[in-house]
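Here's a quick look at one chain, starting with a spot on its surface and then stepping back to the whole fold.

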Amino acid sequence: THTTMATVPLGFNIDAPRWDQSTFEGRLKHFFNITDPRTVLVPEEELDRAKALVEGCRAGLVPPGSSQEQLLYAKKLYDSAFHPDSGEKMNLIGRMSFQVPGGMAITGCMLQFYRSVPAVVFWQWVNQSFNAIVNYTNRNAASPISLSQIGVAYVTATGAALATAVGLNLYTKRAPPLLARWVPFAAVAAANCVNIPMMRQQEIINGITVTDGDNNELGRSRRAAVKGIAQVVVSRITMAAPGMIILPIIMERLEKFTFMQRIRVLHGPLQVLLSGGFLLFMVPAACALFPQRCSLSLADLELELRDSIMAKHGDKVPYVYFNKGL
């Protein structure tokens with residue numbers, strides 16, 4: 001135990017965003033910070049120390065001599081590894097900071113092995129398993145989901161991806177070769193439209209907690225859940241799009257060169273590497289498309305909820321806020 005604890009520097013709030021979250025640029029900087037793939041390599045003890053430091057800072061006490069830089073780095077580690085709602089440590093594979101290393105390996109392989117049906121089936125299955133873990137880890141933690149619901153979500157999303165991929169794979173046999181290379185993206189987009197709403201169905205069924213501007217709970221809204229989940233679907237498809245649409249065009253061009261035909265064995269690793277380059281930028285950019293703290297105007301809420309808010313607060317609450325998940 002610390003015999004002496006210093007107080008937090010005056011005016012320093014560890015939970016205040018470092019960058020303006022109402023602008024895309026501010027959100028982009030924020031997500032570049034917390035999706036930094038290097039944080040995946042940080043040992044568990046250091047993550048736990050960062051959490052203790054952040055919680056101490058919230059309580060107004062920090063170890064003497066703690067610099068603002070140290071506190072901000074602790075917050076970066078905390079944001080990268082702990083759930084924003086529950087404060088629990090997230091599993092490594094589900095963290096947004098693992099999206100680049102995990103996603104680049106899977107995307108590279110999906111783009112490389114798109115010709116044979118068994119390979120398509122295998123890599124789409126791997127991708128959906130990865131997605132299921134990510135979606136479960138980043139759900140709105142206030143809405144618990146049962147194991148059977150997770151199972152159903154996983155099976156339907158994998159089914160949607162495989163049906164799209166195998167169906168289009170057979171359909172593009174006679175199409176220009178580039179179209180066949182775009183099949184993995186179509187499958188990923190279709191699966192995201194199924195996987196995320198299914199994995200987070202409790203939020204759509206029971207609604208999610210909405211608050212006023214000062215974080216006071218106002219009730220639960222299904223419409224807020226639908227808006228949040230729709231934005232997450234758009235973000236995830238955007239995250240995959242540039243790599244899965246542009247990379248096939250690049251590979252198509254490159255493979256016409258003689259030197260590329262000689263090093264066929266390196267095509268897979270090259271696609272993995274290039275996928276990583278796209279994801280390094282696209283993971284934060286896609287997360288930053290919409291504010292994490294999502295808002296909905298009072299007029300768009302369910303009638304009962306709107307009436308109960310109006311009855312309690314009059315017209316003092318024009319907007320409600322909620323965490324949309326990632």
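## Where the nonpolar patch comes from

Helix H10, spanning residues 222-254, supplies the largest share of the nonpolar patch, with four residues. Keep in mind that we're looking at a predicted model here. The full membership of this surface patch is Ile245, Ile246, Ile249, Ile250 and Leu274, and together they put about 320 Å² of accessible area on show.

## A closer look at Ile246

Take Ile246, one of the patch residues, which sits in helix H10. Is Ile246 buried or exposed? Neither, quite: its relative accessibility is 38%, so it lands in the partly exposed class, the one between under 20% for buried and over 50% for exposed.

## Stepping back to the whole chain

Now for the overall build. The chain has 13 helices and six strands. Its radius of gyration comes out at 22 Å, close to the 20 Å the globule rule gives for 326 residues, so the chain is as compact as a globular protein of that length. Along the principal axes, the C-alpha atoms fill a box of roughly 65 × 50 × 35 Å.

## Inside and outside

How much of the chain is tucked away? Of its 326 residues, 48% count as buried. As for how the sequence folds back on itself, take the contacts between residues at least 6 apart in sequence: 77% of these join residues at least 24 apart.

On the outside, the chain exposes about 16,000 Å², and carbon and sulfur atoms account for 64% of that area.

Methods: Residues are numbered from 1 along each chain as its sequence is written. This is a predicted model: local features need pLDDT of at least 70, side-chain atom pairs count only at pLDDT 80 or more; totals for chains, interfaces and linings use all residues. Side-chain values use heavy atoms; hydrogens and water are left out. Patches are made of residues with over 30% relative accessible area and no salt bridge: like charges are joined within 9 Å, nonpolar side chains (Val, Leu, Ile, Met, Phe, Trp, Tyr) within 5 Å. Accessible areas come from the Shrake-Rupley method with a 1.4 Å probe; for residues, only the protein chains shown count as cover. A salt bridge is a side-chain nitrogen of Lys or Arg within 4 Å of a carboxyl oxygen of Asp or Glu. Helices (H or I, at least four residues) and strands (E, at least two) are DSSP runs, numbered from the N terminus. Buried means under 20% relative accessible area, exposed over 50%, partly exposed in between (1.4 Å probe, protein chains only). The radius of gyration is taken over C-alpha atoms; the globule rule is 2.2 Å times the number of residues to the power 0.38. Contact means heavy atoms within 4.5 Å.
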